[in-house]
Every structure is written in C-alpha cells, then in structure tokens.
Amino acid sequence: KKMGVDVSSLTDDSPLFSSGLVDYFGMVELITFLEATAGIRIDAMDVAMENIDTLRSILAFVEEKSPR
C-alpha cells in the first residue's frame with residue numbers, strides 16, 4: 001500500500017484524478033516529472049482528463065508529445 005492505496009489493484013485504466021486518488025498537487029508533480037523524464041513540454045491546454053486520468057492515457061499522451 002502506498003498513501004493508503006492498494007497499488008496492486010490499479011490497472012492501466014484505473015481513473016487517477018477523476019476518482020480523487022490523485023489530487024491537484026499530484027497532477028503538478030506528475031506533469032513536472034513527465035516533462036523532466038520524457039523531455040516534453042506540457043502546455044496548459046494539454047492538461048485535460050482525457051490525457052492524464054489513467055496510466056494508459058498518460059502513456060499515449062507522452063508518446064504523442066515525444067519528438068520522433
């Protein structure tokens with residue numbers, strides 16, 4: 001368990017933000033982490049639930065934003 005969450009129960013499609021599992025501060029931390037590790041720039045317009053609510057959507061979003 002991490003932060004009171006059984007992480008083994010999470011799937012690629014588990015809602016992170018819309019379920020309240022991750023809050024605004026966690027979102028900011030995630031965006032900072034993605035920018036630093038993936039070498040991408042995330043604009044305010046990119047911060048939408050369809051891009052960051054699940055592990056699957058985060059991975060697809062990073063792949064889309066990554067330089068080819």
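This report describes the helices, the nonpolar core and the charged pairs of one protein chain. The structure is a predicted model.

## Helix α1

Helix α1 covers residues 24–38. Its 15 residues should span 21 Å at 1.5 Å a residue, and the C-alpha atoms at its ends are indeed 21 Å apart, so the expected and computed values agree.

The two sides of this helix can be told apart by burial. Met27, Leu30, Ile31 and Leu34 are the buried residues of α1. Because these buried residues fall within an arc of 100 degrees when seen down the axis of α1, they line one face of the helix. Turned away from that buried side is a face carrying the exposed residues Phe25, Glu29, Ala36 and Thr37. The cover over the buried residues of α1 includes α2 and α3.

The two ends of the helix also have describable features. At the N-terminal end, Asp23 acts as a cap of α1, with a side-chain oxygen 3.2 Å from the backbone nitrogen of Phe25. At the other end, α1 is followed by Gly39, which has a positive phi near 65 degrees.

## Helix α3

Helix α3 covers residues 55–65. Its buried residues are Ser57, Ile58, Phe61 and Val62. These residues occupy an arc of only 135 degrees around the axis, and therefore they lie on the same side of α3. The face turned away from the buried side of α3 carries the exposed residues Leu59, Glu63 and Glu64. As for partners, the buried residues of α3 pack against α1 and α2.

## The nonpolar core

In soluble globular proteins, nonpolar side chains tend to be buried together. The largest nonpolar core of this model has 12 residues: Leu16, Phe17, Met27, Leu30, Ile31, Leu34, Ile40, Ile42, Ile52, Ile58, Phe61 and Val62. Both α1 and α3 supply at least two residues of this core. Which helix gives the most to this core? The answer is α1, with four residues.

Leu16, a member of the core, touches several residues beyond its neighbours up to four places away in sequence, namely Leu21, Val22, Asp53, Thr54, Leu55 and Ile58.

## The segment before α1 and the loop before α3

Thr54 belongs to the loop between α2 and α3. Is Thr54 buried or exposed? With a relative accessible area of 14%, Thr54 is buried, because the limit for a buried residue is under 20%. Neighbours within four places in sequence aside, the contacts of Thr54 are Asp12, Asp13, Ser14, Pro15 and Leu16.

Ser19 is located in the segment before α1. Its relative accessible area of 45% makes Ser19 partly exposed. A polar atom of the Ser19 side chain lies 3.4 Å from the backbone oxygen of Leu16. Ser19 and Asp53 are 34 residues apart along the chain, yet their C-alpha atoms are separated by 8.9 Å.

## Salt bridges

Side chains of opposite charge can pair when their charged atoms come close. How many salt bridges does the model contain? The count comes to three, as the table shows.

| Salt bridge | Closest N to O distance |
|---|---|
| Arg56 and Asp13 | 2.7 Å |
| Arg41 and Glu35 | 3.1 Å |
| Lys65 and Asp46 | 2.9 Å |

The salt bridge of Arg56 with Asp13 links distant parts of the chain, since Arg56 is in helix α3 and Asp13 is in the segment before α1, 43 residues apart. Arg56 is partly exposed at 47% relative accessible area, and Asp13 is also partly exposed, at 45%.

In the pair of Arg41 and Glu35, Arg41 is exposed, with a relative accessible area of 57%, whereas Glu35 is partly exposed, at 23%.

The third pair in the table joins Lys65 and Asp46. Lys65 lies in helix α3 and Asp46 in the loop between α1 and α2, so this salt bridge ties together parts that are 19 residues apart in sequence. Lys65 is partly exposed, at 27% relative accessibility, while Asp46 is buried, with a relative accessible area of 16%.

Notes
Residues are numbered from 1 along each chain as its sequence is written. This is a predicted model: local features need pLDDT of at least 70, side-chain atom pairs count only at pLDDT 80 or more; totals for chains, interfaces and linings use all residues. Side-chain values use heavy atoms; hydrogens and water are left out. A nonpolar core is a set of buried Ala, Val, Leu, Ile, Met, Phe, Trp, Tyr and Cys residues joined through side-chain atoms within 4.5 Å. Buried means under 20% relative accessible area, exposed over 50%, partly exposed in between (1.4 Å probe, protein chains only). Contact means heavy atoms within 4.5 Å. A polar contact is a pair of N or O atoms within 3.5 Å; within protein, one must be able to donate a hydrogen and the other to accept it, and residues adjacent in sequence count only if both atoms are side-chain atoms. A salt bridge is a side-chain nitrogen of Lys or Arg within 4 Å of a carboxyl oxygen of Asp or Glu. The expected span of a helix is 1.5 Å times one less than its number of residues. The arc is that of the directions from the helix axis to the C-beta atoms.
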